[in-house]
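Colleague: I should like to go through this model with you before I return to the bench. Could you put it up so that we can both see it?

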Amino acid sequence: MSTDEKGTPTPQKTLNLATQQASLPKLALIGTFGSLTDPGALIRDGRGRIHRVTLNDKISDGTVAAIGDDSVVLAQRGRTVTLKLPKG
């Protein structure tokens, strides 16, 4: 089992998806980590760079509003956009 620097275990679903090739949109959720009180996520931007984000971080033209087990909600220009983990 893999853990982050705080010792939080990475969900098996995330580990499995991390080793699969997937066709992703310009802005894509790669994985989530952390705890209910300190969640984080990995998001790939349109240039293919991976960003580690937490609540209220800015990414692309949005702000991270919520992080769930398999999704991230971004607030973008007065609307919300939900990024979901790719289906394996």
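**Thr32 and its surroundings**

Modeller: Thr32 counts as buried, since its relative accessibility is 6%. Please bear in mind that this is a predicted model.

Colleague: Which secondary structure element holds Thr32?

Modeller: Thr32 belongs to strand S1.

Colleague: And what does the side chain of Thr32 reach with a polar atom?

Modeller: A polar atom of the Thr32 side chain lies 2.7 Å from the backbone oxygen of Asp69.

Colleague: Which residues does Thr32 touch, not counting those up to four places away in sequence?

Modeller: On that count Thr32 touches Pro11, Thr14, Gly40, Ala41, Ile67, Gly68, Asp69 and Ser71.

Colleague: Let us turn to pockets. What is the volume of the largest pocket?

Modeller: The volume of the largest pocket is about 250 Å³. Its lining has 15 residues, and Thr32, Phe33, Gly34, Gly68 and Asp69 are the closest to the centre.

Colleague: Which elements each supply at least two residues of that lining?

Modeller: Helix H1 (12-18) and strand S1 (28-34) each do so. The largest share, three residues, comes from S1.

Colleague: How many of the lining residues are nonpolar, polar and charged?

Modeller: The lining of the largest pocket has seven nonpolar, five polar and three charged residues.

Colleague: A different residue now: where is Asp45 found?

Modeller: Asp45 sits in the loop between strand S2 (39-44) and strand S3 (50-54).

Colleague: Is Asp45 buried or exposed?

Modeller: Asp45 is buried, because its relative accessible area of 11% falls under the 20% cut-off.

Colleague: What does the side chain of Asp45 join in a polar contact?

Modeller: The side chains of Asp45 and His51 are joined by a polar contact of 2.7 Å. Leaving aside neighbours within four places in sequence, Asp45 is in contact with Lys26, Leu27 and His51.

Colleague: Finally, the chain as a whole. What does its secondary structure come to?

Modeller: The protein chain has one helix and seven strands, and along the sequence the pattern reads α-β-β-β-β-β-β-β.

Colleague: How many of the residues count as buried?

Modeller: Of the 88 residues in the protein chain, 31% count as buried. The chain exposes about 5800 Å², and carbon and sulfur atoms supply 51% of that area.

Colleague: And what share of the contacts with a separation of 6 or more comes from residues 24 or more positions apart?

Modeller: Such residues account for 27% of those contacts in the protein chain.

Note on methods. Residues are numbered from 1 along each chain as its sequence is written. This is a predicted model: local features need pLDDT of at least 70, side-chain atom pairs count only at pLDDT 80 or more; totals for chains, interfaces and linings use all residues. Side-chain values use heavy atoms; hydrogens and water are left out. On a 1 Å grid over the protein atoms alone, a cavity is a set of points where a 1.4 Å probe fits but cannot get out, and a pocket is an open set with protein on both sides within 12 Å along at least five of seven lines; lining residues have an atom within 4 Å of a point. Grid points are joined across faces, edges and corners, and a volume is the space filled by probe spheres set on the points. Helices (H or I, at least four residues) and strands (E, at least two) are DSSP runs, numbered from the N terminus. Ala, Val, Leu, Ile, Met, Phe, Trp, Tyr, Cys and Pro count as nonpolar, Asp, Glu, Lys and Arg as charged, and the others, Gly among them, as polar. Buried means under 20% relative accessible area, exposed over 50%, partly exposed in between (1.4 Å probe, protein chains only). Contact means heavy atoms within 4.5 Å. Accessible areas come from the Shrake-Rupley method with a 1.4 Å probe; for residues, only the protein chains shown count as cover. A polar contact is a pair of N or O atoms within 3.5 Å; within protein, one must be able to donate a hydrogen and the other to accept it, and residues adjacent in sequence count only if both atoms are side-chain atoms.
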